[in-house]
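The report that follows goes through the strands, helices and selected residues of one chain. Please keep the sequence and the coordinates at hand while reading.

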Amino acid sequence: MSRILITGTAGFIGFHLVNKLISEGHKVTGLDNINDYYDVSLKYGRLAETGIRKEDIKYNRIINSLKYPDYGFIKLDLEDKESLNNLFRSSGFEYVVNLAAQAGVRYSIDNPMAYINSNIVGFANILEACRHNNIKHLVYASSSSVYGLNEKMPFSTEDNVDHPISLYAASKKSNELMAHAYSHLFSLPATGLRFFTVYGPWGRPDMALYIFTKAITEGRKIQINNKGDMQRDFTYIDDIINSLSRIIDIIPEGNPDWSGINPKPSSSPASYRLYNIGNNSPVKLMDFVEAIEKELGIKAKKEFLPMQPGDVPATWADVSSLIETINYTPATPVNEGIKKFVIWYKEYNDIK
């Protein structure tokens, strides 16, 4: 049994990871600031599923789960450095999984400081707390958005990613650079995971699957960007969680073959690694919409729009390094994943 801190546990991926790690017998503390970037009722719903009652939550106080004896939750901002340091000192964490972040590409265009505060300042505080509290391994969320203007497919962790096209992407690239500096200077083992369009039950309402499903069931038009000429490497939540739970125990070592003359971006002489986690099988957006229509039994009303600022026409993950490390195999086809989401969505919203 390991003592693990997971940040962002009122969020989509963090919620599922709590359930997974608890089922494996670990002692888990969850952290989230429960911000209002999207409907907080969904966040409180996720917390309730893990035995954390809304009425019991107080800022900077750990409360015990009513469902899982080895799970506790604390409402806390990562920018609150003093409280975060106190939490680390008193809890004896061995591993940290940092999933807390201000998400959303388009939101970053109008609200840049939310990303600086949460994704840069907050992550720096996590790094400092890990450095001073003997954390065995920091695993943190990056994003496929870091590939920015890259056009070579599939996207590889061996590619240069110096041209982000949103502040969100830039903040995630910054996290990778900051983590490497701490690995190099302070021997903090750190692994960054570039997630590719994660979807599934309890998913975020600002993501395409949720937006489309909600609009179609309500008889409203769905807005399709770039006139539908888009592809995404949609990755089902279970494939993400199964990989995450295994990566935690795989502490990176320095790459003895790494060369500063021809530097390899995904590794380092320090204990630092980067991985893509995707389905390794991009799906056309219109095929994705068709699959939703099929599961709902409703034909969507469509409005075709130009490309949105900060968006890219296609994503596709090269997951070869993850296959090599953990024998990663995405197990959920998109049609099956959409079906599972639609079943959950109808139950959650009491739709017959």
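## Sheet, helices and two buried residues

In E4, Phe73 is the bridge partner of Gly30, and this pair belongs to a strand pairing in a model that is predicted. Strand E2, residues 27-32, and strand E4, residues 71-75, are joined by 5 bridges and run parallel. E2 is also joined by 5 bridges to strand E1, residues 3-7, again in parallel, and in that pairing Leu5 stands opposite Thr29. Of the 6 residues of E2, 5 are buried, so this strand is largely enclosed by the rest of the structure.

These pairings are part of an open sheet of 8 strands with mixed pairing, in the order E3-E4-E2-E1-E5-E6-E7-E12. Strand E3 (63-64) and strand E12 (272-277) stand at the edges, and because each has a single partner strand, one side of each is left without a neighbour in the sheet. For E12, the bridges to strand E7, residues 190-195, number 6, and the two strands run parallel; within this pairing Gly192 stands opposite Leu274.

The bridge counts and one facing pair for each of these pairings are set out below.

| Strand pair | Bridges and direction | One facing pair |
|---|---|---|
| E1 and E2 | 5 bridges, parallel | Leu5 and Thr29 |
| E2 and E4 | 5 bridges, parallel | Gly30 and Phe73 |
| E7 and E12 | 6 bridges, parallel | Gly192 and Leu274 |

Several helices can be placed relative to these strands. Helix H1, residues 12-23, forms a right-handed β-α-β unit together with E1 and E2. Helix H6, residues 167-186, lies across strand E6 (137-143), E7 and E12, and runs at about 155° to E6.

Helix H3, residues 81-91, and helix H5, residues 112-132, have axes that come within 10 Å and cross at roughly 30°, and the crossing is right-handed. On the H3 side the contact is made by Lys81, Leu84, Asn85 and Phe88, while H5 contributes Asn125, Ile126, Glu128, Ala129 and Cys130. Sorted by class, the residues in this contact are 5 nonpolar, 2 polar and 2 charged.

Which residues of H3 are buried? They are Ser83, Leu84, Asn85, Leu87, Phe88 and Ser91, and what covers them includes E1, E2, E4, strand E5 (95-98) and H5. Leu84, Asn85 and Phe88 are thus named among the buried residues of H3 and also in its contact with H5. Just after H3, Gly92 takes a positive phi of about 65°.

Two further residues show how individual side chains are set into the surrounding structure. His16 is found in helix H1, and because buried means under 20% relative accessible area, His16 counts as buried at 16% relative accessibility. Leaving aside residues up to four places away in sequence, His16 touches Pro201, Trp202, Ile237 and Ile241.

Asn225, by contrast, is found in a loop, between strand E9 (221-224) and strand E10 (231-232). With a relative accessible area of 9%, Asn225 is buried. Its contacts, again not counting residues up to four places away in sequence, are with Arg106, Met230, Leu285, Leu305, Pro306, Gln308 and Asp311.

Notes:
Residues are numbered from 1 along each chain as its sequence is written. This is a predicted model: local features need pLDDT of at least 70, side-chain atom pairs count only at pLDDT 80 or more; totals for chains, interfaces and linings use all residues. Side-chain values use heavy atoms; hydrogens and water are left out. Buried means under 20% relative accessible area, exposed over 50%, partly exposed in between (1.4 Å probe, protein chains only). Helices (H or I, at least four residues) and strands (E, at least two) are DSSP runs, numbered from the N terminus. Two strands pair if DSSP finds at least two bridges between them. A crossover is right-handed if, with the strands pointing away from the viewer, the path from the first strand over the helix to the second runs clockwise. Axes are lines fitted to C-alpha atoms, for helices over the stretch in contact, and angles run from 0 to 180 degrees between N-to-C directions. A crossing is left-handed if the near helix is turned anticlockwise from the far one by less than a right angle, and right-handed if clockwise. Contact means heavy atoms within 4.5 Å. Ala, Val, Leu, Ile, Met, Phe, Trp, Tyr, Cys and Pro count as nonpolar, Asp, Glu, Lys and Arg as charged, and the others, Gly among them, as polar.
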